[in-house]
Structure formats: C-alpha cells, structure tokens
Amino acid sequence: MVARSSEVRSTAVRHSASPGAGGRRGRSAGRLAGLGLGAAATLVLLTGCDVGAAFGGFGWPEGGISAESRRMYDLWIASCIAALAVGVFVWGLIFWCIVRYRKRGNELPVQTRFNMPMEFLYTIAPILVVSVLFYYTAIVQTDVERRTPNPDVVVEVVAFKWNWQFNYRDGLGKDANTVASVLGTSEVIPVLVLPTGRSIRFEETSKDVIHSFWVPELLFKRDVMPGNVRNEFEVSELVAEGAYVGRCAELCGSYHAFMNFELRVVSPQEYDQFLAAKRDGRSTQEALEAIGEEPYATTTRPFDTRRTGSNFNNASDASAGAGR
Ligand SMILES: [Cu+2]
C-alpha cells in the first residue's frame, strides 16, 4: 500500500513536470522563431536598399563597367551579408550564454555532453553554408570565364617593355588578320577604343617578359605571356561609356609602373566610325577626334624617362655623378 502510494506520487510528479517542460520548450521555440523572423526581416530590409553602396562595397571596388564585374560585385555583397548574418547569430549566442550562464554561486552547473542534435547541427550547418557559397561562386566564375564562339569584337593585346599595342582583328586566334592597330610610344599613351553593348574577346601576347593587362574597372586582370601562349578572356558587354586607366600589373622591369594605357568606352556607332577611320589610314588621334572624343589619354600621361638627362655616368648631369 505504501509502495503503491509512492508510485502514484512519482507518476503524478512526472505528469505535472512534463506539461511545464513542454511549456518552457514551447516558449523558447517561440522566442527562437521570433528571433529568426526578426533576422529575416532585417535581411529583407537590408537587401531592399543598396547594401553595397551603404557599406562602401564591403571593401570591394565599386563602379565595375562590365557585366562580369557587376556579377562578381553582387556575389561579394551577398557573401558579406551571409557572413554578417551568421556572425550576428553567433555573437548573439555568445553574449546570451555569457549573461544567461554567468556564475551565480559555488554550485557546479549541469554538465551536458554528447548532445547529438547540437553536434549534428554544428557539423551540418557550416557544410551547408560553404556549399551554398561554393555553388554561387562556381556559377559566377563560369560566367566570368565564359568565351563565346563568335564574339562581336576581337582585340589582340600585345605587351612589350614598356608599352602596349592593340590590334583590332577580323577573327579569332593567331591566323586572323589585324584590320587596325593602336600603338603606344614614349610620347603618346595608347588609347584602346571599345564599344558598349557588344561582346569583346581579349587575346593577349607579349613580346618579351610576362606583363599583366589590367583595367581596374573591369575588376579583372590576366597575365600576358611571351611565346606561343595566348591568354584569352571575354567580357559579354561593357555597360558604361567613359575613359578608364589601364595598367600593367606584373613587375616587368624598370619602367613597369609607367606602363599605362587608356580604355575609352564609346557607343557602338562611334566605335564603328572610329574603326572605319583607322582602316582609312587615319591616326588614332585623328580617328578619336572624328568621333568627337579627346584625341589623347585623359586618365594618365606619358612617363618622362629623362634618358638623355639622367643617364648614369653622364658628365653633364651633376646629379648622375652624386652616387659615385
Ligand atoms: Cu609590364
């Protein structure tokens, strides 16, 4: 009889305990759901405005002028938002733990080990995050590397110490013909004229050492190799007219830093007129003037080598002898 009454008591305790625990669990689930909804709402609000512009591109250069550069920019911004969302969640958990489980006395708190759902969660969640980032990175990378069989414009980029030549070609590959050419000299910065709205293939080759073709606004650069290697890449379209400085981005020798050129993006009609003028035998400057553009580069200027004035062992130059 005694045993039976104690059984009844313990059952009663168990029964009364479980609805309480269920209520607590329900409350924390509700709180978690509320937090999740709040985070989602914040994310929607943030993505509703131009987050990239609001945060200075999160360090990524803004103002890309090719379709590909904008896709890379979007990927970066989305990755930063995802990283921040995870970061805010983790920081929240850390601070919540610090406050909720701070030391309140000398009693040892409940020691919990081998919480399978938690271990499963913190193994699977990072794998999911990395998989999603990898998925979108692979898509954008494939876009950036894509080359079409018939691009609208083909430019052969020839690099040499320390300048550039841009050959407009009538087809793809080495065997195509150059129909017009722009050559840089010590006195004149080469201006590469290209149209908006057309796909452009760049075929790169070097006459001497490795250089690197870089227009910062394309958010993309690729090495220019000597020999038989033709490094190639393509932009599906340029989206903003204007003048953009181009540089060599590979340390190629003494005057590497001054190996600049200018990319001038014009409308397709102006581009056609420019090319026609070049094919008629007019100089690059005359052809630029013919389409109402500045004849000379506006974003950079030729480097003064002062080769005659500052050569080593030049007796007529006092500064040259100073180091002897
Ligand atoms: Cu170079």
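Me: Hi! In what order do the five strands of the open sheet that includes strand 4 and strand 10 come?
Reply: Hi! The order is 4-10-9-6-7, and the pairing is mixed. Helices (H or I, at least four residues) and strands (E, at least two) are DSSP runs, numbered from the N terminus. Two strands pair if DSSP finds at least two bridges between them. Please keep in mind that this is a predicted model, where local features need pLDDT of at least 70, side-chain atom pairs count only at pLDDT 80 or more, and totals for chains, interfaces and linings use all residues. Residues are numbered from 1 along each chain as its sequence is written.

Me: Which strands stand at the edges of that sheet?
Reply: Strand 4 (191–195) and strand 7 do. Each has a single partner strand, so one side of each is left without a neighbour in the sheet. From one strand to the next, the twist averages 25 degrees.

Me: How do strand 6 and strand 9 pair?
Reply: They pair in the antiparallel sense, over two bridges, with strand 9 covering residues 242–248. If you want a pair to look for, Trp214 has Arg247 in strand 9 as its bridge partner.

Me: And what lies across strand 4 and strand 10?
Reply: That's helix 5 (residues 268–279), which runs at about 130 degrees to strand 4. Axes here are lines fitted to C-alpha atoms, for helices over the stretch in contact, and angles run from 0 to 180 degrees between N-to-C directions. Two residues are in contact if their C-beta atoms, placed from the backbone, lie within 7 Å.

Me: Let's switch to the sheet with strand 3 and strand 8. What order does it have?
Reply: Its five strands come in the order 3-2-1-5-8, again as an open sheet with mixed pairing. Strand 3 (178–183) and strand 8 (231–235) are at the edges; each has a single partner strand, so one side of each lacks a neighbour in the sheet. Neighbouring strands here are turned by 20 degrees against each other on average, direction ignored.

Me: What actually holds paired strands together, in general?
Reply: Strands of a sheet pair through backbone hydrogen bonds, either parallel or antiparallel.

Me: So is strand 1 parallel or antiparallel to strand 5?
Reply: Parallel, over seven bridges, with strand 5 spanning residues 200–206. Val154 has Arg201 in strand 5 as its bridge partner. With strand 2, strand 1 pairs in the antiparallel sense over six bridges, and Glu156 is partnered by Asn167 there. Strand 1 and strand 2 form a hairpin with two residues between them.

Me: Where is Trp162, and what kind of peptide bond joins it to Lys161?
Reply: Trp162 is in the loop between strand 1 (153–160) and strand 2. The bond joining Lys161 and Trp162 is cis, with omega about -5 degrees. Most residues other than glycine have a negative phi, and most peptide bonds are trans.

Me: Which residue in the loop between strand 6 and strand 7 has a positive phi?
Reply: Leu219, with phi of about 55 degrees although it is not a glycine. The loop lies between strand 6 (211–215) and strand 7 (220–224). Phe114 also has a positive phi, near 50 degrees, and lies in the loop between helix 3 and helix 4 (116–145).

Me: Are those two buried or exposed?
Reply: Leu219 counts as buried, because 22 C-beta neighbours are inside 10 Å, while Phe114 is exposed, with 6 other C-beta atoms within 10 Å. A residue is buried if 20 or more other C-beta atoms lie within 10 Å of its own, exposed if 12 or fewer, and partly exposed in between; C-beta atoms are placed from the backbone.

Me: How many residues of helix 4 are buried?
Reply: One among its 30 residues, so helix 4 is hardly covered.

Me: Last topic: what's the mean pLDDT of the protein chain?
Reply: It's 83, and 79% of the residues reach 70 or more. pLDDT is the predictor's confidence in each residue, from 0 to 100. Over residues 1–23 it is below 50, and that stretch has zero contacts in the model beyond near neighbours in sequence. Residues 317–324 are also below 50, with eight such contacts.

Me: How should I treat low-pLDDT parts, and what should not be read in detail there?
Reply: Where pLDDT is low, the predicted coordinates should not be read in detail.
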